[in-house]
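I opened the model to look up how its parts sit together. My notes follow in the order in which I checked things.

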Amino acid sequence: LLLARAPVVCSHTLRAAALTEYLALLEELRGAVTPPRAVLRAIISKACRSAVMFGTELSQAQCTQVVRELVGCKFPFQCAHGRPTIVPLLELSPADGPPAP
C-alpha cells in the first residue's frame with residue numbers, strides 16, 4: 001500500500017498508527033464492518049460541533065424540523081458522545097400536579 005499523503009476525514013488528519021490499526025483490522029476480519037476508531041472520533045466531533053447547542057434560540061419551524069429529524073435517529077435522546085440532547089420545555093410546580101380524576 002502506497003499513500004501519496006495522509007488521509008483526512010472531516011478535516012482531521014489520520015495518523016499512521018490509526019491507519020495501521022485499521023489495515024490490521026481489515027486483514028484480521030477480511031473486511032471491516034465499522035470504520036476505524038480515528039474515523040469515528042472525527043465523525044463524532046464533526047457531528048457535535050455542527051449540532052444545535054444548548055441556549056440556541058430556534059423558531060417554531062426550526063423546532064419542528066429538528067423533532068422530525070430526530071424521529072429517524074437510533075438514539076435521539078443523546079449525542080454521539082452520550083450527552084443528553086433534550087431539555088425541559090416547562091417546569092411544573094407542585095400546585096400544577098396531575099388533574100384530579
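Entry 1. Terms, then the tail.
I call a residue buried under 20% relative accessible area, exposed over 50%, and partly exposed in between. The model is a predicted one. I looked up phenylalanine 75 and found a relative accessibility of 54%, so phenylalanine 75 counts as exposed. Phenylalanine 75 sits in the segment after helix 3. I also took a distance there: the C-alpha atoms of phenylalanine 75 and threonine 85 are 9.7 Å apart, with the two positions ten residues apart in sequence numbering.

Entry 2. The chain as a whole.
I listed the elements and got three helices and two strands. Read from the N terminus, the order is β-β-α-α-α. The chain has 101 residues, and 10% of them are buried. I computed an accessible surface of about 9000 Å², with 61% of that area on carbon and sulfur atoms. For contacts between residues at least 6 apart in sequence, I found that 42% link residues at least 24 apart.

Entry 3. Proline 7.
I started at the N-terminal end, with proline 7 in the segment before strand 1. Proline 7 has a relative accessible area of 26%, so I entered it as partly exposed. Setting aside residues up to four places away in sequence, I found proline 7 touching His12, Thr13, Leu14 and Leu19. For leucine 19, twelve residues along the chain from proline 7, the C-alpha separation is 8.6 Å.

Entry 4. Valine 9.
Valine 9 is in strand 1. What does valine 9 touch, not counting residues up to four places away in sequence? I found Leu14, Val39, Ala42 and Ile43. I checked alanine 42 by distance as well: its C-alpha is 6.5 Å from that of valine 9, though the two residues are 33 apart along the chain.

Entry 5. Leucine 14.
I had now met leucine 14 in the contacts of proline 7 and of valine 9, and I looked it up next. Leucine 14 is in the loop between strand 2 and helix 1. Is leucine 14 buried or exposed? Its relative accessible area is 11%, so I entered leucine 14 as buried. Beyond its neighbours within four places in sequence, leucine 14 is in contact with Ala6, Pro7, Val9, Ala38 and Val39. I also took its distance to proline 36, 22 residues away in sequence, and got 9.9 Å from C-alpha to C-alpha.

Entry 6. The helices.
Helix 1 has 14 residues, and I found 20 Å from its first C-alpha to its last, close to the 20 Å expected at 1.5 Å a residue. Arginine 30 follows helix 1 and has a positive phi, near 55°.
Helix 2 has 13 residues and should span 18 Å at 1.5 Å a residue; its end C-alpha atoms are 18 Å apart, which agrees. I found Ala38, Val39, Ala42 and Cys48 buried in helix 2. What do the buried residues of helix 2 pack against? I found strand 1 (8-9), strand 2 (12-13) and helix 1 (16-29). Two of the names recur in my earlier entries: Val39 is touched by valine 9 and by leucine 14.
For helix 3, twelve residues should span 16 Å at 1.5 Å a residue, and the end C-alpha atoms are 17 Å apart, which agrees. How many of the twelve residues of helix 3 are buried? The number is zero, so helix 3 lies largely in the open.

Entry 7. A surface patch.
I looked for nonpolar side chains at the surface and found a patch of about 210 Å² made by Val52, Leu58 and Val66. Valine 52 lies in the loop between helix 2 (37-49) and helix 3 (60-71).

Entry 8. Cysteines.
A disulfide is a covalent bond between the sulfur atoms of two cysteines. I searched for disulfides and the structure holds zero. I then looked up the cover on individual cysteines. Cys48 is among the buried residues of helix 2. Cysteine 63 has 36% relative accessibility, so I entered it as partly exposed. Cysteine 73 has 38% and therefore also counts as partly exposed.

Technical notes:
Residues are numbered from 1 along each chain as its sequence is written. This is a predicted model: local features need pLDDT of at least 70, side-chain atom pairs count only at pLDDT 80 or more; totals for chains, interfaces and linings use all residues. Side-chain values use heavy atoms; hydrogens and water are left out. Patches are made of residues with over 30% relative accessible area and no salt bridge: like charges are joined within 9 Å, nonpolar side chains (Val, Leu, Ile, Met, Phe, Trp, Tyr) within 5 Å. Accessible areas come from the Shrake-Rupley method with a 1.4 Å probe; for residues, only the protein chains shown count as cover. A salt bridge is a side-chain nitrogen of Lys or Arg within 4 Å of a carboxyl oxygen of Asp or Glu. Helices (H or I, at least four residues) and strands (E, at least two) are DSSP runs, numbered from the N terminus. The expected span of a helix is 1.5 Å times one less than its number of residues. Buried means under 20% relative accessible area, exposed over 50%, partly exposed in between (1.4 Å probe, protein chains only). Contact means heavy atoms within 4.5 Å. A disulfide is a pair of cysteine sulfur atoms within 2.5 Å.
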